Amino acid sequence: PVELGPDALAEFEAAFNIESNYGFLLSSYSDVRDVDLYQVFYIGAGIEPPANADEIRAAYERTLTDGPYDIDSTILTAQQVSGFLLAKTGYSLDDMNSRLGWDYVDGYDAYIHYHGDTNFISISCTGGRMIGDALFQIDYEFDGGIYDEEGNHFTGGSVTVSIPDETIQYVSNSLH
């Protein structure tokens, strides 16, 4: 392994702190197909909503017995989700072992998720190394840590990424 210098770590840190990347650091997986898609897409992963998002929301809300929700929603088409995953993991939505867990809107091939916050947490890179051709292992810490559904507290982790071109592709992640 070749240790990364401060400039390279700063580049990874900047990348990990944007919407399209930080969700991949919020769950443990030895195979990226097991990543928690709920965390990755919680607020849309930086993907612009489809042009017909209002129409999709209205169609979904017509199915609700208690009327529309009064909180933020994120809407993505299956095609958007699959294309994003292909770029970030090398796998499409159908290839993933985990499921998105959002509500599916029939007739639009779209997903909708209502949420009250952003789930964003600041990430600091504490070390890293090149472990192969365009393959990197980066150690990081969370500002304040995160909790999983069982109440376990994690302060950071180690992520393995590949950069075959200009796009970070996730391989594995281990929280600690």
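The exercises below deal with helix 1, a three-stranded sheet and its packing, and His113 in a predicted model.

Residues are numbered from 1 along each chain as its sequence is written, and side-chain values use heavy atoms, with hydrogens and water left out. Because the model is predicted, local features need pLDDT of at least 70 and side-chain atom pairs count only at pLDDT 80 or more, while totals for chains, interfaces and linings use all residues.

**Exercise 1.** Find which residues of helix 1 are buried and what they pack against.

Solution.
1. Helices (H or I, at least four residues) and strands (E, at least two) are DSSP runs, numbered from the N terminus. Helix 1 spans residues 6-16.
2. Buried means under 20% relative accessible area, exposed over 50%, and partly exposed in between (1.4 Å probe, protein chains only). Leu9, Phe12, Ala15 and Phe16 are buried in helix 1.
3. Seen down the helix axis, these buried residues fall within an arc of 120°, so they line one face of helix 1. The arc is taken from the directions from the helix axis to the C-beta atoms.
4. Pro6, Asp7 and Glu11, on the other side of helix 1, are exposed.
5. The buried residues pack against strand 5 (123-132), strand 6 (135-147), strand 7 (153-162) and strand 8 (169-175); contact means heavy atoms within 4.5 Å.

**Exercise 2.** Describe the open sheet formed by three strands and the helices that pack on it.

Solution.
1. The strand order is 2-4-3, with antiparallel pairing. Two strands pair if DSSP finds at least two bridges between them.
2. Strand 2 (72-77) and strand 3 (103-105) each have a single partner strand, so one side of each is left without a neighbour in the sheet.
3. On average, neighbouring strands of this sheet are turned by 30° against each other, direction ignored.
4. Strand 2 is joined to strand 4 (residues 110-115) by six bridges. Ile75 has Ile112 in strand 4 as its bridge partner.
5. Helix 3 (residues 53-61) touches strand 2, strand 3 and strand 4, and its direction makes about 75° with that of strand 4. Axes are lines fitted to C-alpha atoms, for helices over the stretch in contact, and angles run from 0 to 180 degrees between N-to-C directions.
6. Helix 4 (residues 78-89) touches strand 2 and strand 4; its direction makes about 75° with that of strand 2.

**Exercise 3.** Place His113 and list its contacts outside its neighbours within four places in sequence.

Solution.
1. His113 lies in strand 4.
2. Its relative accessible area is 8%, so His113 is buried.
3. With those neighbours left aside, His113 is in contact with Tyr38, Tyr42, Asp72, Ser73, Thr74 and Trp102.
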